[in-house]
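Here is a short briefing to read alongside the sequence and the model. Take a look at the structure first, then follow the points below topic by topic.

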Amino acid sequence: PIVFTSNQPKGQRNYGYWGGVILCGKAPVNTASGESRIEGGPRSMFGGGAAPNPNDNSGTLAYVRIEFSGIEYVTDNEINGLTMGGVGNGTTIHHIQVSYCGDDSFEWFGGNVNAKYLVADRGWDDEFDTDNGFSGKLQFLVGFRDKNVADKSKSNGFESDNDANGSGNSPFT
């Protein structure tokens, strides 16, 4: 597999030692303008705005391990192990493991990418989190928890919100 990890020596790595992997696409999201700035500090935008593309292709991520990532940039604005914003169904996501993440292992902000064979291993917050009108299909997910590790939100195996305000905006998550 391809391994994204901390630059700290083996045995000295820990939760949140680096940001994480972020993919931003042009698929539909449920914000008022149809696009938004991705969480965690980057200036990158996601969502297709007035011309969203559900078939957006943000590339291929397969047979990847992401470890010791995930960091809170500021309160309620974090980088996850794998963050996907407005990623469309032309993108290929499969066989991904996120371990020892300092926030959510996987988070989807809108989009409709399909993903399968995902492993969330001992994350700090949620294993899987969907918001902003995510409508993709997720198959074959497993999460392993350490009962002694959780953030201030108490963490969930799977968190799913329509958006941060709980609105009725469409597309619906």
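Two residues are in contact when they have heavy atoms within 4.5 Å of each other. With that in hand, please keep in mind that this is a predicted model. The briefing starts with the paired strands, goes on to the core and the pocket, and ends with some individual residues.

**Paired strands**

- Strand E2 (21–24) and strand E8 (residues 82–85) pair in the parallel sense over 4 bridges. Within this pairing, Leu23 has Met84 of E8 as its bridge partner.
- E8 is also joined to strand E10 by 4 bridges, and these two strands run parallel. Here Leu82 is partnered with Phe106 in E10.
- E10 in turn is linked to strand E12 (residues 128–131) by 4 bridges, again in a parallel arrangement. Phe109 stands opposite Asp131 of E12.

**Two strands, two burial patterns**

- In a regular strand, side chains alternate between the two faces of the sheet.
- E2 shows this alternation with a contrast in burial: Val21 and Leu23 point to one face and are buried, while Ile22 and Cys24 point to the other face and are not.
- What about strand E10 (residues 106–109): which residues lie on each of its faces? Phe106 and Trp108 are on one side, Glu107 and Phe109 are on the other, and all of them are buried, so both faces of E10 are covered.

**The largest nonpolar core**

- In soluble globular proteins, nonpolar side chains tend to be buried together.
- The largest nonpolar core here has 20 residues, and Met84, Ile93, Ile96, Phe106 and Trp108 are those that touch the most other members.
- Two or more residues of this core come from each of E2, strand E5 (60–67), E8, strand E9 (92–99), E10 and strand E11 (115–121).
- Ile96 gives a good view of the surroundings: beyond its neighbours within four places in sequence, its contacts include Leu61, Val64, Ile66, Leu82, Phe106, Tyr117 and Val119.

**The largest pocket**

- The largest pocket holds about 610 Å³ of space.
- How many residues line this pocket, and which lie nearest its centre? The lining has 28 residues, with Glu39, Asp76, Glu107, Asp131 and Ala164 nearest the centre.
- By type, the lining divides into 17 charged, 7 polar and 4 nonpolar residues.
- Strand E3 (36–37), E10 and E12 each contribute at least two residues to the lining.
- Two of the central residues have already appeared above: Glu107 is buried on one side of E10, and Asp131 of E12 stands opposite Phe109.

**Buried residues in loops**

- Glu127 sits in the loop between E11 and E12. Its relative accessible area is 2%, and therefore Glu127 is buried. Setting aside residues up to four places away in sequence, Glu127 touches Ser105, Phe106, Ala120, Gly143, Phe144, Arg145, Asn156 and Gly157.
- Is Asp103, in the loop between E9 and E10, buried or exposed? Asp103 counts as buried because its relative accessibility is 3%, below the 20% cut-off. Among its contacts beyond four places in sequence are Gly70, Glu78, Asn80, Trp124, Asp126 and Asp151. The C-alpha atom of Asp103 is separated by 21 Å from that of Gly166, 63 residues apart along the chain.
- Ala27 belongs to the loop between E2 and E3. At 0% relative accessibility, Ala27 also counts as buried. Its contacts beyond four places in sequence include Gly47, Pro52, Asp56, Val87, Gly111 and Asn112. Ala27 and Pro42 are 19 Å apart, C-alpha to C-alpha, with their places 15 residues apart in sequence.

**Backbone features to check**

- Most residues other than glycine have a negative phi, and most peptide bonds are trans.
- His95, in strand E9, has a positive phi of about 55 degrees although it is not a glycine. His95 is partly exposed, with a relative accessible area of 30%.
- Tyr100 lies in the loop between E9 and E10, and its phi is positive too, near 55 degrees. Tyr100 is partly exposed, at 27% relative accessible area.
- The peptide bond from Ser170 to Pro171 is cis, with omega near 0 degrees. Pro171 lies in the segment after strand E14 (158–160).

Conventions:
Residues are numbered from 1 along each chain as its sequence is written. This is a predicted model: local features need pLDDT of at least 70, side-chain atom pairs count only at pLDDT 80 or more; totals for chains, interfaces and linings use all residues. Side-chain values use heavy atoms; hydrogens and water are left out. Buried means under 20% relative accessible area, exposed over 50%, partly exposed in between (1.4 Å probe, protein chains only). Two strands pair if DSSP finds at least two bridges between them. On a 1 Å grid over the protein atoms alone, a cavity is a set of points where a 1.4 Å probe fits but cannot get out, and a pocket is an open set with protein on both sides within 12 Å along at least five of seven lines; lining residues have an atom within 4 Å of a point. Grid points are joined across faces, edges and corners, and a volume is the space filled by probe spheres set on the points. Ala, Val, Leu, Ile, Met, Phe, Trp, Tyr, Cys and Pro count as nonpolar, Asp, Glu, Lys and Arg as charged, and the others, Gly among them, as polar. A nonpolar core is a set of buried Ala, Val, Leu, Ile, Met, Phe, Trp, Tyr and Cys residues joined through side-chain atoms within 4.5 Å.
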